[in-house]
Amino acid sequence: MMDLKPLDQQVIVITGASSGIGLATAELAVERRAKVVLAARSSDALDEVTRNLTMNGAEAIGVVADVAEPRAVRRIA
């Protein structure tokens with residue numbers, strides 16, 4: 001069995017982070033003090049989500065990207 005680090009010691013990449021399940025996942029991750037890299041196609045929505053999370057003390061950065069494009073996935077990494 002693999003021992004995982006606690007969430008507050010991890011960086012999590014979340015795609016589709018500007019709405020729906022991606023947004024809910026991001027909110028739960030930062031509640032548990034994970035650092036997050038948020039990826040989404042909409043820069044306006046992504047900027048708003050990132051701003052809201054960081055205003056509340058989260059460590060979060062946003063990357064505008066479409067995961068269907070290999071170059072964009074490399075930019076997220």
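Reader: Against which elements do the buried residues of H1 pack?
Author: This is a predicted model. In it, H1 runs over residues 20–31, and its buried residues are Gly-22, Ala-26, Ala-29 and Val-30. The elements they pack against are strand E1 (11–15), strand E2 (35–40) and H2.

Reader: What arc do the buried residues of H1 cover around the axis?
Author: An α-helix has 3.6 residues a turn, so residues three or four places apart point the same way. The buried residues of H1 are Gly-22, Ala-26, Ala-29 and Val-30. They lie on the same side of H1 because the arc they cover around the axis is only 90°.

Reader: Which residues are exposed on the other side of H1?
Author: A residue counts as exposed when its relative accessible area is over 50%. On the side of H1 opposite the buried one, the residues that qualify are Gly-20, Ile-21 and Glu-31.

Reader: How far does H2 reach from its first C-alpha to its last?
Author: H2 has 13 residues, and at 1.5 Å a residue the expected reach is 18 Å. The model comes close to that expectation, with a reach from first C-alpha to last of 18 Å.

Reader: Which residues of H2 are buried, and what arc do they cover?
Author: The buried residues are Leu-46, Val-49, Thr-50 and Leu-53. What covers them includes H1, E2 and strand E3 (60–64), while the face turned away from them carries the exposed residues Asp-44 and Met-55. In H2, Leu-46, Val-49, Thr-50 and Leu-53 are thus the buried set. They sit on the same side of H2 because they span an arc of only 95°.

Reader: Is Thr-50 buried or exposed, and at what relative accessible area?
Author: Thr-50 belongs to helix H2 (residues 43–55). Not counting residues up to four places away in sequence, Thr-50 touches Leu-38, Ala-60, Ile-61 and Gly-62. The cut-off for buried is under 20% relative accessible area. Thr-50 is therefore buried, at 13%.

Reader: Which backbone oxygen does the side chain of Thr-50 reach?
Author: Thr-50 and Leu-46 are both among the buried residues of H2. The side chain of Thr-50 comes to 2.8 Å from a backbone oxygen, that of Leu-46.

Reader: Where is Arg-33, and what is its phi?
Author: Arg-33 is placed in the loop between H1 and E2. Because its relative accessibility is 64%, Arg-33 counts as exposed. Arg-33 is not a glycine, yet its phi is positive, at about 70°.

Reader: Which residue with a positive phi follows H2?
Author: H2 covers residues 43–55. The residue that follows H2 with a positive phi, near 95°, is Gly-57.

Reader: How many of the residues of E2 are buried?
Author: E2 runs parallel to E1, and five bridges join the two. Among the bridge partners is Val-36 in E2, which pairs with Ile-12. E2 is largely enclosed by the rest of the structure, because the buried residues number five of the six.

Reader: Where in the chain is confidence lowest, and where is it highest?
Author: Where pLDDT is low, the predicted coordinates should not be read in detail. Here the mean pLDDT of the chain is 95, and 100% of its residues reach 70 or more. Confidence is lowest in helix H3 (residues 70–76), at a mean of 93, and highest, at 98, in E2.

Note on methods:
Residues numbered from 1 in each chain as written. Predicted model: local features only at pLDDT ≥ 70, side-chain atom pairs only at ≥ 80, totals over all residues. Heavy atoms only, no water. Helix = DSSP H or I, 4+ residues; strand = E, 2+ residues; numbered from the N terminus. Buried < 20%, exposed > 50% of the residue type's maximum accessible area, 1.4 Å probe, protein only. Polar contact = N/O pair within 3.5 Å; in protein donor to acceptor, adjacent residues only side chain to side chain. Contact = heavy atoms within 4.5 Å. Expected span 1.5 Å × (residues − 1). Arc of directions from axis to C-beta. pLDDT = per-residue confidence, 0-100. Pairing = 2+ DSSP bridges.
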